[in-house]
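Take a walk through this model, from the symmetry of the whole to the details of single residues. Keep the structure open while you read.

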Protein chains: 2
Amino acid sequence: MARPSAALRGRILDSSRHLFSERGYEATSLQEIASDVGCSKAALLYHFRNKDALLAELLTPVGQRVVELLEKVAPLDGEELVRTTVADLVDSALEYRLEIRLLFEDLPRLSHRPELNLLPDSTDRLFDCLTGRSRDPRARVAASMVLTGVALTASAPDNAPVGGEGSDADLRQGLVEASLRALGRDV
Amino acid sequence: MARPSAALRGRILDSSRHLFSERGYEATSLQEIASDVGCSKAALLYHFRNKDALLAELLTPVGQRVVELLEKVAPLDGEELVRTTVADLVDSALEYRLEIRLLFEDLPRLSHRPELNLLPDSTDRLFDCLTGRSRDPRARVAASMVLTGVALTASAPDNAPVGGEGSDADLRQGLVEASLRALGRDV
DNA sequence: CCGTAACCTGACCGATCGGTCAGTTCTGAC
DNA sequence: GTCAGAACTGACCGATCGGTCAGGTTACGG
């Protein structure tokens, strides 16, 4: 390793990802993160300019994931568009559980942040994909329900809906099937 | 009016309901609420023992609403159980938009609060009603998706999915239909 | 073996938080 | 008119927040 304890940076990211998603961004202090990691608050602020920078670094990957998803399904349409979007959306939600919890909990307070400016636009384009590019209000309501329902269910703290012993495979398939039904597609 | 400016108490509740739901509980200070209402912070704390009491008074009605919903549908079963639960759930979500936003945003930080202890239990019983009392893991995942999706879509800041000009009637009917489809019921 | 830069610490800062308190103003009953 | 109590204020409190800084420690290239 180049610098042995440069790994501290990664440990800070891991800890803040968990603490932020469990307690929320505002409710988590830098001191709590530092104590959890086992370093001083000053060390934390040595690796990250400020608290905002820490949050931004956590949220950037999930934002990129959505952008990639949109690029991937852009050339598709009809059934294939909807089915691919749903499947990829569920995968993304399961992949970034903690970040999504953080995002949803603190969305109103973070929506003014510049790096999240493209989020409303991304959401709108996700609606398009989920409806098969329909502008029908009812279809868009269904798309909104699917998007928020998938995100929050996939990121539930303890897999509450399934009860704990349910595997991710159950969760994934259940979400995909329910989403497709909600969107009026055969499963 | 018995005491004219006792109306201040109601204005404080209204203001905090909006501010809490827009910025979150932790991120809203008592001073902000007081300034918004136009009184001193001390006046606010005269009407409410502390910040927690203010929050509790905001969340209690929506909790009662859920309890009433559960009592109402308790004797039902089959199709009628599911359809009634969905319809009442959507109505409740539309009725308590701000409180639900607040509840979802700050749920992880509020879950330890005693007056919310019955929330996990209520959630579980809502799952039962939405699945028609099925314990099938897939059905429960669908129920979770419906519950969270309905709540968050109904309480979206600006009726985002419909675009703003859509009426509540559109939103209501769209949510009911999408929910029933997701739960595998004919609309 | 030395110097430099990365890494980290403890002490400290101003601001703001939720909450308290002594005292003042207002109001309605008598 | 008077008086009790509700309604309200401004000043203040300790705690904690995010963030800074001077200086110490460590590791590695030359």
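In this predicted model, chain B superposes on chain A by a rotation of 180° with 0.0 Å of shift along its axis. The RMSD of that fit is 0.0 Å. Such a relation is that of a two-fold axis. Both copies use the same surface: 100% of the contact residues of chain B recur in chain A. Two copies of a chain are, in general, related by a rotation about an axis and a shift along it.

Now take one chain. Chain A has nine helices and zero strands. Read from the N terminus, its elements run α-α-α-α-α-α-α-α-α. Chain A counts 187 residues, and 51% of them are buried. Consider next the contacts in chain A between residues at least 6 apart in sequence: 65% of these join residues at least 24 apart.

One stretch carries an annotation. An unreviewed UniProt entry places the feature "DNA-binding region" at residues 29-48 of chain A. That annotation may be inferred rather than shown by experiment. In the model, the span 29-48 of chain A is 75% helix and 0% strand. Its end C-alpha atoms lie 14 Å apart.

Turn to the aromatic rings. How many aromatic pairs does a search of the whole structure find? It finds two, over all chains. In chain A the partners are Phe20(A) and Tyr25(A). Their ring centres are 5.1 Å apart, and the planes meet at 65°. The cut-off for edge-to-face is an angle over 60 degrees, so the pair of Phe20(A) and Tyr25(A), at 65°, is edge-to-face. Are these two residues buried or exposed? Phe20(A) is buried, because its relative accessibility is 0%. Tyr25(A), at 6% relative accessibility, is buried as well.

Chain B holds the other pair, Phe20(B) and Tyr25(B). Here the centres are 5.1 Å apart and the planes stand at 65°, so this pair is edge-to-face too. Phe20(B) has a relative accessible area of 0% and is buried. Tyr25(B) is buried at 6% relative accessibility.

Each tyrosine also has a lysine over its ring. Lys51(A) lies over the face of Tyr25(A), 4.5 Å from the ring centre. Tyr25(A) thus has two neighbours to look at: Phe20(A), its partner in the aromatic pair, and Lys51(A), over its face. In chain B, Lys51(B) lies over the face of Tyr25(B), again at 4.5 Å from the ring centre.

Next comes the nonpolar core. The largest one contains 66 residues. Which of them touch the most other members? They are Met145(A) and Met145(B). Set aside residues up to four places away in sequence, and Met145(A) touches Ala182(A) in its own chain. Across in chain B, Met145(A) touches Met145(B), Val146(B), Gly149(B), Val150(B), Thr153(B), Leu175(B), Ala178(B), Ser179(B) and Ala182(B).

Leu175(A) shows contacts in both chains. It sits in helix α9 of chain A, residues 168-182. Leu175(A) is buried, because its relative accessible area is 0%. Leaving aside neighbours within four places in sequence, Leu175(A) contacts Val90(A), Val150(A), Thr153(A) and Ala154(A) in chain A. In chain B, Leu175(A) contacts Val141(B) and Met145(B). Leu175(A) and Leu89(A) are 86 residues apart along the chain, yet their C-alpha atoms are separated by 9.8 Å.

Finish at a helix and the loop after it. Asp128(A) lies in helix α7 of chain A, residues 119-131. Is Asp128(A) buried or exposed? With a relative accessible area of 17%, Asp128(A) falls under the 20% cut-off, so it counts as buried. Beyond its neighbours within four places in sequence, Asp128(A) is in contact with Arg133(A), Ser134(A), Arg135(A) and Arg140(A).

Arg133(A) belongs to the loop between α7 and α8 of chain A. Its phi is positive, about 65°, although Arg133(A) is not a glycine. Arg133(A) is partly exposed, at a relative accessible area of 40%. In chain B, Arg133(B) is found in the loop between α7 (119-131) and α8 (137-154). Phi of Arg133(B) is likewise positive, near 65°. Arg133(B) counts as partly exposed, at 40% relative accessibility.

Key. Residues are numbered from 1 along each chain as its sequence is written. Chains are lettered from A and ligands numbered from 1 in the order in which they are written. This is a predicted model: local features need pLDDT of at least 70, side-chain atom pairs count only at pLDDT 80 or more; totals for chains, interfaces and linings use all residues. Side-chain values use heavy atoms; hydrogens and water are left out. Helices (H or I, at least four residues) and strands (E, at least two) are DSSP runs, numbered from the N terminus. Rings of Phe, Tyr and Trp (its six-membered ring) pair if their centres lie within 6.5 Å; planes under 30 degrees apart count as stacked, over 60 as edge-to-face and the rest as tilted. Buried means under 20% relative accessible area, exposed over 50%, partly exposed in between (1.4 Å probe, protein chains only). A charge sits over a ring if NZ of Lys or CZ of Arg is within 6 Å of the ring centre and within 35 degrees of the ring normal. Copies are superposed by least squares on the C-alpha atoms of residues with pLDDT of at least 70 in both. Contact means heavy atoms within 4.5 Å. A nonpolar core is a set of buried Ala, Val, Leu, Ile, Met, Phe, Trp, Tyr and Cys residues joined through side-chain atoms within 4.5 Å.
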